[in-house]
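Trainee: I would like to learn how the labels on a structure are earned. Could we go through some of them together?
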Amino acid sequence: MKNSEKKLECDRPLIVSYSYSGNTHRIAQEIQRATGGDWCEIYPWQPYPMAFPELLKQVKREVQAHYRPRLLPVSFSPHPYSVIFVGTPNWCGTIAPPLASWLYQNDLSGKIILPFYSHCGGVSGDLRGDIFKLCPKADVRETLSVIDDGGEELPDALRKWFVKNRLMESRASHAG
């Protein structure tokens with residue numbers, strides 16, 4: 001069976017997410033509820049500006065420079081997990097620098113990665129490809145794109161995404 005055809009049969013996945021506004025946070029919470037996984041939030045050592053013009057200026061600069069900010073310590077190591085959900089806001093058509101930092105710092109070879117991101121309708125980019133560039137020896141699966149925090153449709157969107165990514169049917173049935 002090829003790596004990309006492996007059925008997702010782990011008991012407890014790891015959910016790793018960075019959220020600026022809380023939207024990605026809500027999606028991660030719903031994934032945790034649906035899967036029973038462990039959730040690890042990541043935070044940059046230096047918080048981002050609260051004012052949108054300053055945030056946008058900094059984010060554009062960081063994304064163009066492929067900057068990887070220093071992160072606060074986290075309580076979960078990805079090593080014992082075979083399946084890792086990774087969540088981020090879509091910043092300038094790619095993953096936020098804090099998640100890029102976490103992915104770069106951790107060897108995820110052989111892991112199944114399920115990316116998800118929140119956005120406000122901007123440029124979608126190729127977040128799956130961007131994650132694969134940071135984790136070339138991982139099985140990076142289909143990405144879930146969610147507008148804002150997904151609202152009432154989020155459980156149904158998760159259920160469809162789980163099925164599309166061959167997550168066990170029992171897990172998919174818990175997403176609603």
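Mentor: Happily; this is a predicted model, and we will take its labels one at a time.

Trainee: Let us start with a charged pair. What makes Asp38 and Arg12 a salt bridge?

Mentor: The closest N and O atoms of Asp38 and Arg12 are 2.2 Å apart. A salt bridge needs a side-chain nitrogen of Lys or Arg within 4 Å of a carboxyl oxygen of Asp or Glu, so this pair earns the name. The two partners come from distant parts of the chain: Asp38 is in strand S2 (residues 38-41), while Arg12 is in the segment before strand S1 (14-17), 26 residues apart.

Trainee: Are Asp38 and Arg12 buried or exposed, and how do you know?

Mentor: Asp38 has a relative accessible area of 12%. Buried means under 20%, so Asp38 is buried. Arg12 has 46%, which lies between the 20% and 50% cut-offs, so Arg12 is called partly exposed.

Trainee: Which other salt bridge ties together parts that are far apart in sequence, and why do you say so?

Mentor: Look at Asp149 and Arg26, whose side chains meet at 3.9 Å, N to O. That is within 4 Å, so the pair counts as a salt bridge. Asp149 lies in the loop between S7 and helix H5 (154-164) and Arg26 lies in helix H1, so the bridge joins parts that are 123 residues apart in sequence. Asp149, at 25% relative accessible area, is partly exposed, and Arg26, at 26%, is partly exposed as well.

Trainee: How many salt bridges does a search of the whole structure find?

Mentor: The search finds seven. In one place, Asp156, Arg159 and Lys160 are linked in a network of salt bridges.

Trainee: Why is Arg141 called buried?

Mentor: Its relative accessible area is 3%. Since buried means under 20%, Arg141 qualifies. You will find Arg141 in the loop between strand S6 (139-140) and strand S7 (144-147).

Trainee: What makes the contact of Arg141 with Asp139 both a polar contact and a salt bridge?

Mentor: The side chains of Arg141 and Asp139 make a polar contact at 3.0 Å, and a polar contact asks for N or O atoms within 3.5 Å. Their N to O distance of 3.0 Å is also within 4 Å, so the pair is a salt bridge too. Both Arg141 and Asp139 are buried.

Trainee: Now helix H1. How do you know that its buried residues line one face?

Mentor: The buried residues of H1 are Asn23, Thr24, Ile27, Ala28, Glu30, Ile31, Ala34 and Thr35. Seen down the axis of H1, they fall within an arc of 160°, so they line one face of the helix. In an α-helix there are 3.6 residues a turn, so residues three or four places apart point the same way.

Trainee: What makes the span of H1 close to the expected one?

Mentor: Helix H1 (residues 23-35) has 13 residues and reaches 19 Å from its first C-alpha to its last, close to the expected 18 Å. Just after H1, Gly36 takes a positive phi of about 75°.

Trainee: Finally, what makes Leu72 fit for a nonpolar surface patch?

Mentor: Leu72 has a relative accessible area of 34%, and patch residues need over 30%, so Leu72 passes that cut-off. Together with Tyr43 and Trp45, Leu72 makes a nonpolar surface patch of about 300 Å². Leu72 is in the loop between helix H2 (52-65) and strand S3 (83-91).

Key
Residues are numbered from 1 along each chain as its sequence is written. This is a predicted model: local features need pLDDT of at least 70, side-chain atom pairs count only at pLDDT 80 or more; totals for chains, interfaces and linings use all residues. Side-chain values use heavy atoms; hydrogens and water are left out. Patches are made of residues with over 30% relative accessible area and no salt bridge: like charges are joined within 9 Å, nonpolar side chains (Val, Leu, Ile, Met, Phe, Trp, Tyr) within 5 Å. Accessible areas come from the Shrake-Rupley method with a 1.4 Å probe; for residues, only the protein chains shown count as cover. Helices (H or I, at least four residues) and strands (E, at least two) are DSSP runs, numbered from the N terminus. Buried means under 20% relative accessible area, exposed over 50%, partly exposed in between (1.4 Å probe, protein chains only). The expected span of a helix is 1.5 Å times one less than its number of residues. The arc is that of the directions from the helix axis to the C-beta atoms. A polar contact is a pair of N or O atoms within 3.5 Å; within protein, one must be able to donate a hydrogen and the other to accept it, and residues adjacent in sequence count only if both atoms are side-chain atoms.
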